Amino acid sequence: PQSWSGAGCGEPERCRARWPKMFSRRGHADVKKSAQKALDPRRDVLTRLKHLRALMDAMDGSEMKPFFEANYSQIYFIFYENFVTLETSLKQKGNKSQREELDSILFLFERILQLLPERIFFRWHFHSIGSILKKLLHTGNCLKIRCEGIRLFLLWLQALQTNCAEEQLLIFACLVPGFPAVMSSNGPCTLDTLISPPLNLSYAKVYPEEITPLLPHATGEKIAEDSTCYFLKILLKYMVIQAASLEWKNKENRDTGFKFLFALFRQYYLPHLFPSFTKLTNLYKPVLDIPGLRPKPAYISTVCNNENVYTTKIPYMAARVAFIKWLVNFFLEKKYFTATQNTKNGGEVLPRIIQTVGGTVQDKNPETQNSIPSDPEKGHSNHSLLPERRLSDSSFCSIEEQHRAVYEMVQQVLLSTRGYINFVNEVFRQAFLLPSSEISSTEKVVKVYRKWILQEKPVFMEEPDTKETVPEDDSILDCSAAETDGKHHTSGHKRSSSWGRTHSFSSAVSRGCILEDENKNIKAGVQATLQVFLTNSANVFLLEPCTEIPALLKEQVDACRAVLGIFRRMIMELPMNKKTWEQMLQVLLRITEAVMHKPKDGQIKDLFAQNLAGLLFRTLIVAWIRANLSVYISRELWDELLRVLSSLTDWEELITEWANIMDSLTSVLARTVYGVEMTNLPLDKLSEQKEKIQRGKGGVLELQKTVTVGRSFSLSWRNHPEVVEPMRFRSATTSGVPGVEKARNVVRQRTTGEAPGI
């Protein structure tokens, strides 16, 4: 049959865009005639489909759902009969017009899933829809059909939600290839075994229909280099852009589909993406143990397009980075643009999410990949092309205008409960643990924290209401199956059937569900967020640097400088309580000791430490001064500072920074206590006069020069760096003495705004 979608139609969205060219808007009489012809059982199904297309084109959006609900049985019959007929024809011929006709039939299938979610929730045509989706998801299909199958399967699963069976949960867990087999009640399974289960011929008398590919792989078809990362990106993007596609009667169910799918994603995929993922990350009861030093992974260098590509053998690293970037997109500044339809055959399936850098557009569509690697180990490796990664360093992400509302909705979901907020912060902690070859993703997370801390504070950073009581149990990621049945219905109906209620299904839903009604008191305050950021960001410094690869070393140094930049702004601009100041000082001491450790005998100082020495020492010393002007610092911390800095006195940068800070402090003290400007001392003028007199007599006495130099400790550092005077260390034992404390308070009050800056 002649395709209604036009030549070269690549996906249902484009098919829908071409309808106005094929069918003009009609009057009420034409609509009524088309409806009668579409619903006339005496006509053949192909003719009925033609009139149904014309009818859908002529209808307004508000009229579509009532029409589908009134005629749901006949509409599904038209779709199913045409699909079966076309399936047979595709296997025999498979020409271009039939493939385009498949696009139009699948568009009708999509509208059925979107407009009838209440019926689908009660398993309307459950096995029929499931069989069709299995045919689309068959791994023998071409890439375009598999992507379309994933998109439609996610719509169906959003409508079913807690009323799905174990099989649907397992299919979701197997949509992304490359991960280990999923355990089910019948043992391990893959997507192939779920679509075409092995038959037991000794017992079966009635055999199920054999599911075969609709459109097998074409010869020379370009497919993704890393199939795991490619299909993961497709899954994540379709989870988002279709999050509000279902037209529920109850509008409160608008975001429940995404919550359900995201809970399943965390259950099945997260343990593989983040093996060290922990639920101990809690913004409301933060664990502030400072991490330890991590060894560097083994980097492998290869050449691709005359560029060095660095790889690690860490499993699923590319997929891990893809998920982090996906999550970061919701919190970076967004730029929305209107996308132009690409009508080229086989065009892009995914929505375009791009990065804008210096006025240029970097397309991040994963379909630009070329081939799947023959080595499975390479598919799970970390591939890093440094020039491309530097281009992606931007504080903005660009999103199609048509997806603006759904991205905002998902962002609100991710900041709606304590469980989601803790999850986001834990994923960001994992980003700080990435190797140097993927440090650009870490820098994106740093940009998010900079935005939260210094610019636009999210809701969870607002100060909690003191009248509100904090629940004892902050974990909402684990809940019982009974709670799931009672609180997570999505259509406003009671569950009336126990279909698929196996132990595996119940435990799967209960482990992954979100109880939205609990822990909505999400305000944690600024201080808790600062403490968690200080602790987690220390991991960037505590990764052993790769000094033998200059490009990776520079990436890590840049990331550390970005983190220190936020530290310095916090020190100079933000009010912090005693606990936050102490955490700041402890983190700075820990990373200073780890990065600037004293080299062994005969070993030269590493480049990583040399690049950070001046900035790190300056940040530590100024932080210590500002902290003492704000809160009481214990003697134990003072002793720790003395121990660390005393062990690092072979660093010239430490001596220089200490001298500069002491010079500044002396100037502030002189101006505040004595009213004297160190740059304009009265005795300096007298010294100049004496020098003129002595010059007239023919010389300057060395003794007088020494006395002049010794008159000012501060000026001795500034004007005579070759003269060294003994340093005086003020003991912390004077703390608490009434007279000393009174004097300190006076100085503190008068110098708060004049303390040395970074």
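**Getting to know this fold**

Q: Leaving aside its neighbours within four places in sequence, which residues is Phe 323 in contact with?
A: This is a predicted model, so local features need pLDDT of at least 70 and side-chain atom pairs count only at pLDDT 80 or more, while totals for chains, interfaces and linings use all residues. Residues are numbered from 1 along each chain as its sequence is written, and side-chain values use heavy atoms, with hydrogens and water left out. Taking contact as heavy atoms within 4.5 Å, the partners of Phe 323 are Leu 236, Phe 262, Phe 265, Leu 270, Leu 273, Phe 274, Phe 423 and Val 427.

Q: In the largest nonpolar core, which residues touch the most other members?
A: A nonpolar core joins buried Ala, Val, Leu, Ile, Met, Phe, Trp, Tyr and Cys residues through side-chain atoms within 4.5 Å. The largest one here has 194 residues, and the ones touching the most other members are Phe 172, Phe 265 and Phe 323.

Q: Which helix gives this core its largest share?
A: Helices are DSSP runs (H or I, at least four residues), strands are E runs of at least two, and both are numbered from the N terminus. The largest share of the core is 14 residues, and they come from residues 607-630, that is, helix H26.

Q: How many residues does the second, separate core have?
A: Tyr 310, Cys 546, Ile 549 and Leu 552 are among its members. The core is separate from the other one, and its count is 5 residues.

Q: What share of the protein chain is buried?
A: Buried means under 20% relative accessible area, exposed means over 50%, and partly exposed is in between (1.4 Å probe, protein chains only). The chain has 758 residues, and the buried share of them is 52%.

Q: How many helices and strands does the protein chain have?
A: Let's take the secondary structure of the whole protein chain. Counted up, it comes to 32 helices and 9 strands.

Q: Among contacts with a separation of 6 or more, what share joins residues 24 or more positions apart?
A: Here we look at the contacts within the protein chain. Residues 24 or more positions apart account for a share of 79%.

Q: Is Asn 82 buried or exposed, and what does it touch?
A: Asn 82 sits in helix H5, which covers residues 72-92. Its relative accessible area is 6%, so Asn 82 is buried. It has buried company in H5, including Ile 75, Phe 79, Phe 83 and Leu 86. Not counting residues up to four places away in sequence, Asn 82 touches Val 45, Leu 46, Leu 49 and Ile 105.

Q: How many salt bridges turn up in the whole structure?
A: A salt bridge here is a side-chain nitrogen of Lys or Arg within 4 Å of a carboxyl oxygen of Asp or Glu. Searching the whole structure for such pairs gives a total of 21.

Q: Why are Glu 69 and Lys 65 separated by about one helical turn?
A: The two form a salt bridge, with their closest N and O atoms 3.3 Å apart. Glu 69 is partly exposed because its relative accessible area is 24%, whereas Lys 65 counts as buried at 11%. Both belong to helix H4 (residues 61-70), and the turn follows because their spacing is 4 residues.

Q: Which residues are linked with Lys 65 and Glu 69 in a network of salt bridges?
A: The Lys 65 and Glu 69 pair is part of a network. The residues linked with them there are Glu 118 and Lys 249.

Q: How far apart are the closest N and O atoms of Lys 578 and Glu 582?
A: This pair sits in helix H25 (residues 578-595), and being 4 residues apart there, the two are separated by about one helical turn. Lys 578 counts as partly exposed at 37% relative accessibility. The pair forms a salt bridge, and the closest N and O atoms are separated by 2.4 Å.

Q: How many residues apart in sequence are the parts that Glu 657 and Arg 618 tie together?
A: The side chains of Glu 657 and Arg 618 meet in a salt bridge of 3.2 Å, N to O. Glu 657 lies in helix H28 and Arg 618 in helix H26, so the pair ties together parts whose distance in sequence is 39 residues.

Q: Is Glu 657 buried or exposed?
A: The relative accessible area of Glu 657 is 10%. Its partner Arg 618 counts as partly exposed at 24%, whereas Glu 657 is buried.

Q: Is Tyr 674 buried or exposed?
A: Tyr 674 has its place in helix H28 (residues 652-674). Its relative accessibility is 63%, so Tyr 674 counts as exposed.

Q: What distance separates the C-alpha atoms of Ala 528 and Lys 579?
A: Ala 528 lies in helix H23 (residues 526-541) and is buried, with a relative accessible area of 11%. Along the chain, Ala 528 and Lys 579 are 51 residues apart, yet their C-alpha atoms are separated by 9.3 Å.
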